[in-house]
Amino acid sequence: MNIMLMLLVVPLITAFLTMAILKHQKTVWTIFLAVSGYLSYALFTMYGKWDLSWSIELGFKMFGKNVVLSLINSPLGWFFAFFASLTTLLIAMFSIAYNDEKHDSKTAPIWLLLIFSNIGIFFAKDWLMFFIMWEAMSTTAYFIIAHGKEISAKAAKFYLSISLIGTSTLLLGIILVSRLSQTFDIGVSIDSLVKLFSTNYSAALLYIGLFITTFLIKSAIFPFYMWPSKAYAESPDDFTPFLSTVMSKYGVYGLILFILPILAKSDLPMFGKISQPAYMLAVLGAITSVLATILAIFQTDMKKLFAYSSVANVGYIVMGLATMSVVGIQGALFHSVNHMIFKTAIFLSLAAVIYRTGERDMHKLGGLVYKMPLTFLVYLLAIISAAGIPPLSGFTSKWLIVQALMAQKMLFVVVAMIFASTGAFMYLLRCLASVFLGQLPDKYKDIKEAPLLMAIPMTILMLLTLAIGVIPGIITKPIDAVLTGMGYNVEPSSWTTVHTALAKSDLNLTYLFYVFMVACVISLIMYLISGKQEKIDQIDNYTAGENPLEWDTTPDRFNFAYGFYQPFKQMFNPMLDLISFERWMSSFGRIVERASSALSLLYTRSEGAILMLYIGIAILIIGGMM
Amino acid sequence: MNSVLFLIVIPLLGAFLALFGKKANRIVAILITAFTEIFSIMIYLSDKLPVSVAIGGWQAPYGINFVLTPLSVGFIVLINLAAIISLFIIRGEKEYQFYSTYLVLLAAANGIVLTGDIFNFYIFSELTTFAITALIAYPRNRRSTGAAIKYLILASTASSFLLIGIGVVYKTLGTLNIADIASKIDLLNPLTLELIIVLILTGIFVELELFPFNMWVPKAYFAGTASVNVMLHGMLGTAGAYIIARILLTMFAVNGSGMLVNANIANAIIVIAMLTIFVSEIAAFNEKKLKKVLAFSSMGQMGLIIFGFMIGNEQALTGAFYMVVANFLAKIILFVLTGEFIAMTGSDNWEDMKGIGRKHPVAGVSFVIGSLSLMGVPFFAGFWGKLAVIQGAMSGNSFMITGIVIILITAVVEGVYFLKISHTFFLKKEDEKEFNAKARIHSIVIAAALAVIVLAIGVHPGLIENNVNRATNEILNSTSNYVDVVFPGRY
Amino acid sequence: MTMSNIFLISSTSLIFIGLFGVLTRKNIVKILLSLNIIETGINLLLVAFGYKEGGKVPILTSSDSINHLGNMVDPVPQALVLTSIVIGLGTTAFALGLTIRYYKTHGTLNIEANDEEEVTAHE
Amino acid sequence: MKNDKSLLLNILAIAFLAVLAYFIYSVATSNDIGIKVTDNNVVENRVAYRYLNKNVLDENSKYEWGGKAEDSAANVVTSIVADYRLFDTSLEVIVLFITVMGFGLVIPKENIKIKESTELLYHWTPLLMTYMLLVGGYMFINGHISPGGGFPAGAIMSTAILVGVLAGKQTVSHTTLKKIEAIAGTLIFSIATLGFFLKGSFFINFLEGGNVGDLFSAGLIPILYTLVAFKVAAELSGIYFEFYEGGEEHDNV
């Protein structure tokens with residue numbers, strides 16, 4: 001059987017299989033693990049075989065010929081699919097332990113369907129396949145995010161409405177573009193759009209605008225940056241990493257697949273060193289990362305905090321892409337993988353915390369480092385990577401992106417990037433300090449370290465981020481293939497050194513690793529020779545011995561983690577209120593609801609039935625006489 | 001092929017006999033419907049189509065004739081399928097009036113599709129009106145009585161326009177035969193033609209559930225029992241889709257090409273279809289009564305189908321026919337399950353239906369499949385229809401482009417409310433009380449079987465490709481495929 | 001003004017009166033009366049469509065009448081009217097029956113009465 | 001009926017009717033080419049002409065008074081209603097059937113006592129009834145020759161029964177009426193089906209026609225009219241009985 005087909009069929013069949021045995025939760029998740037293992041292995045063997053393909057002809061005519069759905073193994077698709085399935089594999093292992101009687105989300109079959117559509121999106125050769133899988137992904141994700149909980153259903157509704165807007169624009173775009181090229185093939189449609197750019201600029205802009213809107217929505221780029229904070233926070237804890245790391249990349253993938261080649265090949269008006277649409281994209285990325293960073297700083301819910309963090313990171317990726325340069329795209333792709341790894345590590349460690357404590361609000365936690373040291377270590381290394389401190393993986397990719405931006409002289413964007421990077425320290429530290437450091441609340445005196453099955457994937461992720469940080473060649477070598485596939489001329493990258501855009505800024509990461517190790521050793525020595533701490537009750541410390549319950553308030557309020565960045569919050573609040581897309585969305589939703597009630601009432605009362613009949617006749621008469 | 005009249009006569013004989021049947025009525029009705037279904041499938045599969053059947057030995061246009069084409073017989077198959085399903089999900093309707101009325105409705109729905117005579121069509125449509133009114137009124141409570149009388153008044157007012165239209169047709173063309181009218185339609189004065197079209201459309205749009213002719217729809221669906229809902233949707237709604245194809249695109253077609261003869265009216269109908277889609281989807285968004293939600297969605301789908309039909313190119317017609325099949329199957333699933341769910345929870349409100357999906361996962365998943373198909377999500381039958389209609393509309397005028405935008409906007413609204421409702425079934429039940437009644441296995445089996453078909457068509461649209469292509473071809477070349485069948489050698 | 005026009009105008013007027021009544025009346029019985037007026041108007045209109053100046057009844061009464069078939073009025077509209085009358089009768093009977101039931105369930109004959117006040121799931 | 005007169009609705013109604021009237025006016029005065037609704041009838045171009053000439057089957061055939069014809073009813077309207085378009089007529093029967101059944105379904109079942117009728121009415125009623133039944137019978141038997149037919153005949157016969165009901169005479173029981181109705185209906189459609197087995201076509205007039213103008217002519221028409229008359233009479237009488245027959249409400253209210 002064709003291996004491309006197997007990639008689709010295996011998750012699909014197991015999805016239906018697991019539906020039948022949904023009651024045996026552990027078996028189901030073990031099957032899920034096995035499927036992701038198989039996919040990872042199959043994808044691994046597919047590296048380099050860029051001629052693999054599969055297609056099927058359906059008995060349905062469009063443009064005068066039967067519709068063909070086809071898959072092709074392209075370097076770009078492989079790159080995303082492989083790392084996505086690797087991430088899934090690790091999450092799957094975690095899920096086996098996580099889904100016990102208490103945390104039973106029963107989402108494995110739907111998740112398998114999601115993986116099925118995931119593979120389809122990354123390997124689609126024609127727009128129809130892409131759209132089919134895209135919409136399947138959107139709807140299945142709704143059911144996982146909602147997962148049978150009322151509060152989650154509300155968040156999922158928000159996700160769903162914005163995601164459906166995305167699929168609608170995508171459909172419109174696909175229909176327009178394929179009408180132009182009289183086929184659904186993606187490669188052909190790129191050429192025809194390039195041609196359209198030379199003849200009818202504004203129409204072409206509208207066409208790619210529709211696609212870009214979809215991709216921006218899925219990747220939560222400004223102005224659609226609001227939905228992750230709701231959807232990520234309310235989805236099952238073990239699904240959040242997948243949502244955040246894999247699903248936010250669909251938009252990125254779409255941009256690289258379709259928008260970049262068009263912008264690169266077309267003759268467009270320039271703004272500085274790059275074309276106007278690309279600059280616009282960069283600015284959107286910049287706004288996203290700045291806004292998301294600011295918003296992340298003020299969250300008290302740790303999942304919401306890292307939801308915004310994800311948004312900010314995708315912002316970096318988009319900025320990197322928008323440079324349209326080899327280094328920028330390299331950095332963006334590199335950061336995509338990095339983000340998958342460190343954000344999975346972060347969310348998994350947080351899931352482990354939630355698994356043990358059942359608490360998501362940061363100010364209600366604290367001091368978990370004493371009880372869950374491994375989880376703490378994973379989290380610590382992951383946030384170091386996220387903050388972009390060498391020698392962990394995050395540094396390299398951010399470095400590449402900043403370099404590329406500098407080389408294209410996109411000053412505003414560079415400033416935004418650096419602002420966001422710095423801001424990232426603030427929220428990463430906030431969570432570190434509130435959850436793991438500080439004092440352990442009394443009710444968590446007896447909690448244990450995360451179970452073994454959770455610890456294994458977390459440890460693997462920790463080691464991975466370290467390894468990639470020191471030997472970036474693991475990622476840059478496949479990226480070479482991707483860039484070659486996209487038509488760029490690239491020299492083969494080395495295992496340890498990254499070449500960047502500016503002169504004399506090549507980076508050998510082995511040296512950086514040594515420097516970091518020395519620093520670690522020094523700080524360890526300092527810790528060992530420093531004095532002992534004295535423990536007092538947390539509340540006493542903050543309220544000076546008063547009992548807060550007497551003032552009708554809870555002790556939580558006085559935890560240092562509650563209003564961690566209060567001054568900043570006051571500073572930014574007016575601006576955030578002004579641009580809150582969420583508010584627009586919900587006010588629009590209210591308008592629809594009101595209109596709905598009014599219309600519904602019209603139909604309930606219906607004394608105007610005859611009147612409406614006459615109006616209808618009048619429409620026909622007047623319409624006919626026009 | 002004269003034996004096709006059995007499709008009318010046998011149910012009518014059954015309707016008389018039902019006056020005396022006590023307990024056997026339901027069995028007899030099922031047997032009769034099974035007969036009509038099998039018979040229509042046999043006709044569909046025989047190679048004698050298309051054929052015109054003269055009733056009473058009088059040739060058209062002097063006598064009344066039935067025209068059996070792949071299109072009309074295909075619709076008959078669908079209508080009878082809905083009929084038999086509606087009988088299986090009956091819950092507690094015992095009186096002979098119900099079965100008698102049902103059998104008349106069956107005959108009338110068959111007749112409305114098969115007939116080739118416009119006045120005969122009027123009588124059949126009146127028969128469906130009365131039958132539907134009686135079926136809606138059957139529970140005889142406040143809700144159903146109000147719905148029934150309001151529907152009857154509206155439908156009678158509208159059908160009087162239809163009758164005037166028929167009168168004008170006879171006055172000007174001197175014939176009542178649809179094929180004869182179709183071949184002579186070019187002789188008419190443009191304004192007189194417009195008068196005829198407006199009058200006849202008014203008559204049929206009420207049954208087609210188009211805004212603003214459709215004030216009766218939510219009430220009627222809400223008042224009817226589950227089986228009546230399936231009849232309303234599966235028999236009347238499907239026949240309605242056929243009526244557009246036949247009356248608008250064959251009788252009033254320019255040179256039999258499937259385009260409405262008056263382009264202005266075609267645009268007006270597109271505006272009406274758009275209004276229907278918009279109004280119904282918006283109205284359904286905040287509706288709490290599940291049956292009304294489905295009624296609104298029915299209206300919306302009808303708007304979409306008519307939109308597809310009015311575009312008039314091959315792509316859109318194919319899409320419209322796919323949509324007819326998909327809507328037919330998916331909405332029956334939803335109505336069957338809704339009946340069960342309402343019986344189980346004792347409430348019309350979907351918010352009270354928590355936990356049903358957990359108790360009956362097959363039913364819950366079937367409901368999800370039905371709603372996804374209606375939304376036009378890939379892998380479900382509705383997707384192909386929607387795709388082709390939008391693709392077809394792209395090559396149309398500015399009205400049609402606006403229509404696409406409206407379809408896409410309402411798709412968001414539709415998706416939100418359908419998935420919201422579907423997900424509610426999988427929420428945890430708040431109280432630990434048992435459900436009022438048990439779900440009946442056969443209803444769930446019917447729903448699941450239809451869901452499998454929806455899925456199969458969605459994955460492999462080629463399953464019904466031949467049938468749809470035959471239908472599309474028939475509409476696009478109605479001169480050779482319809483008029484020539486009735487009057488061989490006229491062209 | 002020919003007889004034909006008088007028929008046409010009077011029947012159209014009847015239809016208009018009926019249409020006016022159907023819309024503006026709230027009482028169901030009055031609405032049904034308006035419907036009946038429309039009904040009558042249509043019947044008159046249909047017969048007028050078949051009317052012919054100086055036409056004869058389309059009944060063969062003697063051998064002479066066969067030679068003057070062209071003078072007869074059009075019999076088809078009359079046949080249609082026969083059907084239409086029966087349908088009108090059916091509508092009226094059924095609607096009046098429903099009206100009686102409506103009065104019992106709603107306590108009024110006003111068409112604007114709410115149908116859903118007593119919400120009882122009957123299934 | 002507080003708000004029976006709403007100014008807004010009146011205005012809207014008048015506006016709509018004005019639009020309609022303007023539309024009809026412009027249709028009537030249109031100068032474009034083509035057949036207009038206001039054109040005079042040319043009977044030769046219509047299907048009616050062939051009905052009048054009774055040459056639907058064979059365009060060149062001629063018939064004579066007292067001779068054979070494809071349809072030997074002297075009343076051309078009857079020949080259309082009960083022969084050329086018999087299918088429509090049989091459906092009409094169904095319309096009546098279903099509406100009356102619907103009426104019986106929805107009408108509230110209450111015991112309404114009829115006032116005692118006067119002596120005069122009580123005693124003279126049988127005479128009146130007989131006379132009315134005779135007229136009805138004459139009408140459906142002669143429907144193919146003279147004006148009349150099954151429907152008016154049925155209506156007259158049912159009036160006779162109504163008179164009986166009003167006078168307090170229980171002439172027929174409701175069950176009998178139901179049986180008549182069902183048997184007549186079944187027979188109509190059985191005859192229609194018989195046509196299929198005898199001549200290969202439903203609703204065909206398969207009896208030998210007779211001569212135009214004779215009482216025993218027109219083949220099946222008198223038989224069908226008889227059945228129709230009985231069915232209509234039974235159905236319409238059923239309506240009166242629905243009013244006066246008390247009984248239990250149906251069990252699923």
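**Close-up views of chains A, B and C**

Of the 123 residues that make up chain C in this predicted model, 48% count as buried.

**View 1. Chain C is built from helices, with three of them and zero strands.** Read from one end of the sequence to the other, the elements of chain C follow the pattern α-α-α. The radius of gyration of chain C is 21 Å, which is well over the 14 Å that the globule rule gives for 123 residues, so chain C is more spread out than a compact globule. Measures of extent along the principal axes can be read beside this value, since the C-alpha trace of chain C spans about 70 × 35 × 20 Å. Among the contacts in chain C with a separation of 6 or more, 62% are between residues that stand 24 or more positions apart.

**View 2. Chain B is divided into two parts, domain 1 (1–260) and domain 2 (262–459).** The C-alpha centres of domain 1 of chain B and domain 2 of chain B lie 23 Å apart, and the contact between them takes 34 residues from domain 1 and 37 residues from domain 2. On the side of domain 1 of chain B that touches domain 2, the elements that give two or more residues are helix H3 (70–88), helix H8 (190–205), helix H9 (217–223) and helix H10 (226–251) of chain B. The largest share of this side, 13 residues, comes from H10(B). Sorted by class, the residues on this side of domain 1 divide into 23 nonpolar, eight polar and three charged.

**View 3. Chain A meets chain B through 49 residues of chain A and 56 residues of chain B.** On the side of chain A that touches chain B, two or more residues are given by each of strand S1 (53–62), helix H5 (127–146), helix H6 (150–181), helix H23 (581–605) and helix H24 (609–625) of chain A. By class, this side of chain A has 30 nonpolar, 13 polar and six charged residues.

**View 4. Strands S1(A) and S2(A) form a hairpin with two residues between them.** S1(A), which is also among the elements on the side of chain A that touches chain B, runs antiparallel to strand S2 (residues 65–72) of chain A, and seven bridges join the two strands. One of the paired positions can be followed by name, as A:Glu57 has A:Val68 in S2(A) as its bridge partner. In the turn of the hairpin, A:Phe63 has a positive phi of about 55 degrees.

Note on methods
Residues numbered from 1 in each chain as written. Chains lettered and ligands numbered in written order. Predicted model: local features only at pLDDT ≥ 70, side-chain atom pairs only at ≥ 80, totals over all residues. Helix = DSSP H or I, 4+ residues; strand = E, 2+ residues; numbered from the N terminus. Rg over C-alpha atoms; globule rule 2.2 N^0.38 Å. Buried ≥ 20, exposed ≤ 12 C-beta atoms within 10 Å, placed from the backbone. Contact = placed C-beta atoms within 7 Å. Domains from an automatic or database assignment. Nonpolar A, V, L, I, M, F, W, Y, C, P; charged D, E, K, R; others polar. Pairing = 2+ DSSP bridges.
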